[in-house]
Amino acid sequence: MTLIRALLDQAGRTPGHVALVAGDGAELTYGELRRRVLAVRHGLLSGGLAPGDGVLFSVRPSPESLVLALAVVAAGGVVVFADPGAGPAMFTARLRLARPRWSAAESVLYAGSRLRPVRAYARRRGLLLPDLGDLEVPGGGPMSHVHVGRRLPGVPRGSLSFASLARGPAPEPDDDGDPGAPAAVIFTSGTTDDPRAVVHTQGSLAAALGLFRERMPLGPGDVVHTDQLMLGLPTLISGARWSMPPPGCAPADFARMLRGRGATHTFCVPAHLAEILDAAPTLPPGLRHVLLGAAPAPAGILRRAIAAAPTAEVLSVYAMTEILPVAIASARDKLAHTASGAGGDLLGAPLPGVGARLAADGELLLSGPNLCRGYLGAEPRGELPTGDLARLDEGRLVLVGRKKDMLIRGKFNLYPGLYEPAIAALPDVADAAIVGVPDPGTGDEEVVLAVVGPPGLPSRLRRALPDVIDHDALPDRIVVLDGLPRSGRTRKLDRDRLREQVAR
């Protein structure tokens, strides 16, 4: 079954139930969600969208963005997430690879990218927006456009209004679509010379959503509070209610919405949960599941989450953009693993259908129905080299570290990920990371441990570390910081910036 068919069928079964609560509190029923998706789909097809057409997507999380993205896929199009804020050179390189024929953006973004005073204002604040209205399709000619929000100066002439499309006729589709057809393109890394984009199909996305539902049962009456599409979609397919926080939601407001909307499930990146718990140390008793993902969860945050929601199951999700989810482990199991001294970060057993094996050098290789089709412009792949080093412990995956993060100390290969969880679990350590700082004189790497905690922590760690980590992994220097540098929506640890900080 395709993603779209699963959603349409569920919406047809419970048309009067609330499917989505927006950031401003507005509610959307399943019946209205279904009608809008079909109406926008029909409008896009009538406007000339052809199967396989890429649609550059620049709409923040909202009911409108959800409907529009689903409608694009239902019409046979491909949602292209290329991030106009990535900078002109990177954005241009990504467009050259993706070759979209359509652009869908908020009216304010069109205005901000085309009107000279607004562009100058954005540039002064470090945001270099491309001129979305003047983009051309491969081979020349203007793009087709869809704008969300009221028409503003700068919205291209002839742009289709999302609001008008959503009010239009909503005929039923003639078929369910092709599960193997591309549905989404997500740029993850790469350079302007070699951008990298993951291609997911309707089939791989549907398989991913099914794995989330299998590990974390959802159904009518459940309320999932998150802005993450990959947890919001299984919510809707299950007939539960998706509570969506507004863009830029402050941690205190996020916590207040959890309570006010009766959330039973939530998803956060670890750093965001820490901010939420700073604002609200106790989470609502109605919470049954707290999911953490997109970055490793330090032991301190896991302990705080358990204390804040003692009746909830706190889960940590291991996933990659290319294949999600892969494994889900409970916080209690992760903490017990760390306390045992076994080393590494427990990820959990691979989920049903996910194939996991280790290469000769220990790199984790993954496969399964939820694996992406491949990278845009490259041949399809059946197995993913993750770049993660792992081991199998009684059928459970244990993360040892990243291949690229390995430090060489004489004949000893030091993998930071093998030791960081145990260090972060020590008293008063809120977070910990190990980086290597090259010595310009000798070429050797100084091993620096950066920790978040009180000023007197280094002397205590010097005494405690020999009982926790291998002798050859002991740091040359310990630095206390107010916080570890993180970047992006997922708050991923930025080791390059950390290396610069501790070098200074």
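In the predicted model, Phe-81 is partly exposed, with a relative accessibility of 30%. Phe-57, by contrast, is buried, because its relative accessibility of 8% falls below the 20% limit. The rings of Phe-57 and Phe-81 form an aromatic pair, and a search of the whole structure yields one such pair. A pair of aromatic rings is described by the distance of the centres and the angle of the planes. For Phe-57 and Phe-81 the centres lie 5.7 Å apart and the planes stand at 70 degrees, an edge-to-face arrangement. The pair connects distant parts of the chain, since Phe-57 belongs to strand 3 (residues 54-58) and Phe-81 to strand 4 (residues 78-81), with the two positions 24 residues apart in numbering.

Helix 12 (residues 299-308) is largely enclosed by the rest of the structure, because seven of its 10 residues are buried. These buried residues are Ala-299, Gly-300, Ile-301, Leu-302, Ala-305, Ile-306 and Ala-308. They pack against several elements, namely helix 11 (270-279), strand 13 (289-292), strand 14 (313-320), helix 13 and helix 14 (416-424).

The packing of helix 12 against helix 13 (residues 331-339) was examined further. The two axes are 10 Å apart and form an angle of about 135 degrees. Helix 12 and helix 13 are therefore oblique to each other, as this angle lies between the ranges for roughly perpendicular, 65 to 115 degrees, and roughly antiparallel, over 145 degrees. The crossing of helix 12 and helix 13 is left-handed. Helix 12 contributes Ala-299, Leu-302, Arg-303 and Ile-306 to the contact, while helix 13 contributes Ala-331, Arg-332, Lys-334 and Leu-335. Five of the residues in the contact of helix 12 with helix 13 are nonpolar and three are charged, with no polar residue present. Among the contributors from helix 12, Ala-299, Leu-302 and Ile-306 also appear in the list of buried residues of that helix.

A second helix pair consists of helix 8 (residues 202-215) and helix 9 (residues 229-237), whose axes come within 9 Å and cross at roughly 75 degrees. The two helices are therefore roughly perpendicular to each other, the crossing angle falling in the range of 65 to 115 degrees. On the side of helix 8, the contact involves Leu-205, Ala-208, Leu-209, Phe-212 and Arg-213. Their partners in helix 9 are Met-230, Leu-233, Pro-234 and Ile-237. The contact of helix 8 with helix 9 comprises eight nonpolar residues and one charged residue, and no polar ones.

Backbone geometry was considered next. Most residues other than glycine have a negative phi, and most peptide bonds are trans. Arg-99 has a positive phi, near 55 degrees. This residue is located in the loop between helix 4 (88-98) and strand 5 (102-106). Arg-99 is exposed, because its relative accessible area of 51% is over the 50% limit. Glu-394 likewise has a positive phi near 55 degrees and is found in the loop that connects strand 20 (384-393) with strand 21 (396-402). With a relative accessible area of 77%, Glu-394 is also exposed. A cis peptide bond, with omega at about -15 degrees, joins Leu-324 and Pro-325. Pro-325 is part of strand 15 (residues 323-330).

Methods. Residues are numbered from 1 along each chain as its sequence is written. This is a predicted model: local features need pLDDT of at least 70, side-chain atom pairs count only at pLDDT 80 or more; totals for chains, interfaces and linings use all residues. Side-chain values use heavy atoms; hydrogens and water are left out. Helices (H or I, at least four residues) and strands (E, at least two) are DSSP runs, numbered from the N terminus. Buried means under 20% relative accessible area, exposed over 50%, partly exposed in between (1.4 Å probe, protein chains only). Axes are lines fitted to C-alpha atoms, for helices over the stretch in contact, and angles run from 0 to 180 degrees between N-to-C directions. Angles under 35 degrees count as roughly parallel, over 145 as roughly antiparallel, 65 to 115 as roughly perpendicular and the rest as oblique. A crossing is left-handed if the near helix is turned anticlockwise from the far one by less than a right angle, and right-handed if clockwise. Contact means heavy atoms within 4.5 Å. Ala, Val, Leu, Ile, Met, Phe, Trp, Tyr, Cys and Pro count as nonpolar, Asp, Glu, Lys and Arg as charged, and the others, Gly among them, as polar. Rings of Phe, Tyr and Trp (its six-membered ring) pair if their centres lie within 6.5 Å; planes under 30 degrees apart count as stacked, over 60 as edge-to-face and the rest as tilted.
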